[in-house]
Amino acid sequence: MKDREIFGAFEHADEETIAKLSEIPVLSDEDKERIFRESIRKADKAGASEDGANIIMMETSNKENSGTPAAVTAMKRRNRAVMNVAAACVILAVGASMVINGFGSFDGLIKTSDDSGNTASDTGSSAEAANISGADSNNSSKSDTSGYYHPYNGSSMARRYNVSGMSPHSEEYISYEITDEEQLERIDEVLDEIEKIKDECVAGENSGSEETGGFILSTSDDIKYFISMVGDQPQLTINFIDYNIPQELIDQLMAAIAPTATGQYAEAMRLRDALSTIDGLAGGKDAVYEEASDPNVGEGYAKLTGFGFSSVSEIDSFMRDNMTDDFINALYGSVVGTERPMYTEYEGALYIDTFAKRDSGFMWTETEMVINDVTAASFSATAEYSTAEGGTAQLKLYIVNDNGVWKMSGIEFL
Amino acid sequence: MTGSDYSALCKQSPDKAYKTLFDEYCNYVYAVVTSKLRSCGTREDIEECVSDIFAEIYTKYDVDDNYDGDMRGYIAVIAKRRAIRRFHTLTQQGLTVSLDDENAPEVADDRDAEAEEKQAMLARLLLEKVKSLGEPDSSIVIQKYFYNRSSAEIAKLLGMNPAGVRMRCRRAISRLKTIIDIKDLEM
């Protein structure tokens, strides 16, 4: 009997056993927060979809005749809670069904990920040869740990902004703070314009019932701008009142918010280049070394004569500056860290394991990267590279904020 | 948390009520769902099912019903029902068969109540033995073999080294095998 099969008995565990099993912690705070947000989103969706039925039940309200009066009463209460200005509840409920896709210029910088493809392509990279994706291990850590509501009370600035929302495709929550002064000014300008005309643009009742997604721009002084799609048109809701703001102004607002991703773009560029260097290191790309191996160091180890790095610690440091420890261990642990590392030192000189030399590195194309899944703690970037066969393929970099430094935590061949 | 506690909290602040309920029963619901889906579902399936369950509770629980008992019973029913439904979806076992279907007479309930009761008993016994391994070994074993967590994830959760987790797990399983009768579990 295999080890795992021993535990098959738990499939029929009774309540008492389940209760005891649940005492063992298994979910991190981030996992819990993510599941909670999702449950709220679904509850809201369920409430909205049953809204019509509820109204019918209310019109014929008759507890004696109704089959399930208690359930109807309960649903009515929840709907009321959603419709009322119960701020946090609405933020939770609405924020959970939001989308970034399809919003004019914003679309160019932030796109949701497409989970459909996950097959290895045909590059000669060391990473791909290893056929390891760090993506899975990072999915769980991509959630926004800072929550769904971010008032910036006490800020020294007149007004700060935070953007939060969720894509229906990837169902990944995004959240980030806008701190760039110029960008803050641009947003202020557009919002001033909107505030001036909004009273003339109040939308009719139930105008938001067809909404398909959106996100919230929340301010430090507690104003929530909820931008959603109603049919094909974006609509603005300010503190729970719907407005038919002219398209042009909403486009301007979207454009003003979009550059938030540019900071991530620069980091992604840096890390993309670092990945190519490290992958090249893993395969000994561009290494120039003496022909004969040195028996004092080990069979196959040859002294490097021309190389960009001069010591093992320098290589190690470069890798750790750009990748998380887990990612290095998963994919590039053999560069300097195993019993037979790719690089080792002997009497102050750097040696390479010529037996392990192979094609490696990435040849990036000119195609711009696309930044996805932006949160305060992580984001991803999709880059295109040339394959050995002359085609192109895409690679997704998972990037996390590791104690204030953006580092790669995984990659995925799309 | 009793039903009336939840109702009172709900009337005060639905958000607070949902969060409190979730915090209190999240691990329990997760365990219920894992027990049903661990053989056929991914972690994402389990999480999705857990969020479905809580969404159903938020929307369906009658807050006017002043039920003084623990909410766990109510939650357990919803959780099991949802998890079993998801199990059928994942294993593509239809829940309904048309009587006009020519194969209908051959469709029989393949559940064996006696065997399931025995499995439940074995699960109790197994958990007891696992617990007897002591901490952190019992937690490591449960997380690895019941919740299907990797050594790295367990290490992170318990503040340990992944290699240390692997080593402890291996030894714990060896010890477990010496204190349980494998033949019982194979039945």
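What percentage of the 414 residues of chain A count as buried? In this predicted model, the figure for chain A is 41%, and that chain is a good place to begin the tour.

**Chain A as a whole**

Select chain A and colour it by secondary structure, which comes to 13 helices and 15 strands. Among its contacts between residues at least 6 apart in sequence, 64% join residues at least 24 apart.

**The sheet from β8 to β11**

Next, select β8, β9, β10 and β11 of chain A, four strands that form an open sheet in the order β8-β9-β11-β10 with antiparallel pairing. At its edges stand β8 (288-289) and β10 (343-346), each of which has a single partner strand, so one side of each is left without a neighbour in the sheet. Zoom in on β10(A) and on β11 (residues 349-353) of chain A, which run antiparallel and are joined by four bridges; within this pair, Tyr346(A) stands opposite Ala349(A) of β11(A).

From β8(A), step back along the chain to Asp286(A), in the loop that lies between α11 (261-283) and β8. Its phi is near 65°, a positive value in a residue other than glycine, and this invites a check of the backbone there, since most residues other than glycine have a negative phi. Asp286(A) counts as partly exposed because it has 13 C-beta neighbours inside 10 Å.

**Ile245(A)**

Now select Ile245(A), which is found in the loop between β7 (241-243) and α10 (247-257) of chain A. Is Ile245(A) buried or exposed? It is buried, because 23 other C-beta atoms lie within 10 Å. If its neighbours within four places in sequence are left aside, Ile245(A) is in contact with Ile194(A), Lys198(A), Cys201(A), Leu236(A) and Ile250(A). Add Asp199(A) to the selection as well: it is 46 residues from Ile245(A) along the chain, and the two C-alpha atoms are separated by 9.8 Å.

**Chain B and its helix α8**

Turn then to chain B, which has nine helices and zero strands. Of its 187 residues, 36% count as buried, and residues 24 or more positions apart account for 66% of the contacts in chain B with a separation of 6 or more.

Select helix α8 (residues 162-179) of chain B, whose 18 residues should span 26 Å at 1.5 Å a residue, in agreement with the 26 Å between its end C-alpha atoms. Show the side chains of Val165(B), Arg168(B), Cys169(B), Ala172(B), Ile173(B) and Leu176(B), which are the buried residues of α8(B). Looking down the axis of α8(B), one finds these buried residues within an arc of 140°, so they line one face of the helix. On the other side, Ala163(B), Arg170(B), Ser174(B) and Thr178(B) are exposed. The cover over the buried residues of α8(B) includes α5 (113-131), α6 (137-146) and α7 (151-158) of chain B.

Keep α7(B) and α8(B) on screen: their axes come within 8 Å and cross at roughly 105°, and the two helices are therefore roughly perpendicular to each other. Where they meet, Ser151(B), Ala152(B), Ile154(B) and Ala155(B) in α7(B) face Pro162(B), Val165(B) and Arg166(B) in α8(B) as contact partners.

**Two loops of chain B**

Finally, visit the loop between α5 and α6 of chain B, where Pro136(B) is found; a cis peptide bond, with omega about 0°, joins Glu135(B) to Pro136(B). In the loop between α6 and α7 of chain B, select Asn148(B), a residue other than glycine whose phi is positive, near 60°. With 18 other C-beta atoms within 10 Å, Asn148(B) is partly exposed.

Technical notes
Residues numbered from 1 in each chain as written. Chains lettered and ligands numbered in written order. Predicted model: local features only at pLDDT ≥ 70, side-chain atom pairs only at ≥ 80, totals over all residues. Buried ≥ 20, exposed ≤ 12 C-beta atoms within 10 Å, placed from the backbone. Contact = placed C-beta atoms within 7 Å. Pairing = 2+ DSSP bridges. Expected span 1.5 Å × (residues − 1). Arc of directions from axis to C-beta. Axes fitted to C-alpha atoms, helices over the stretch in contact; angles between N-to-C directions. Parallel < 35°, antiparallel > 145°, perpendicular 65-115°, else oblique.
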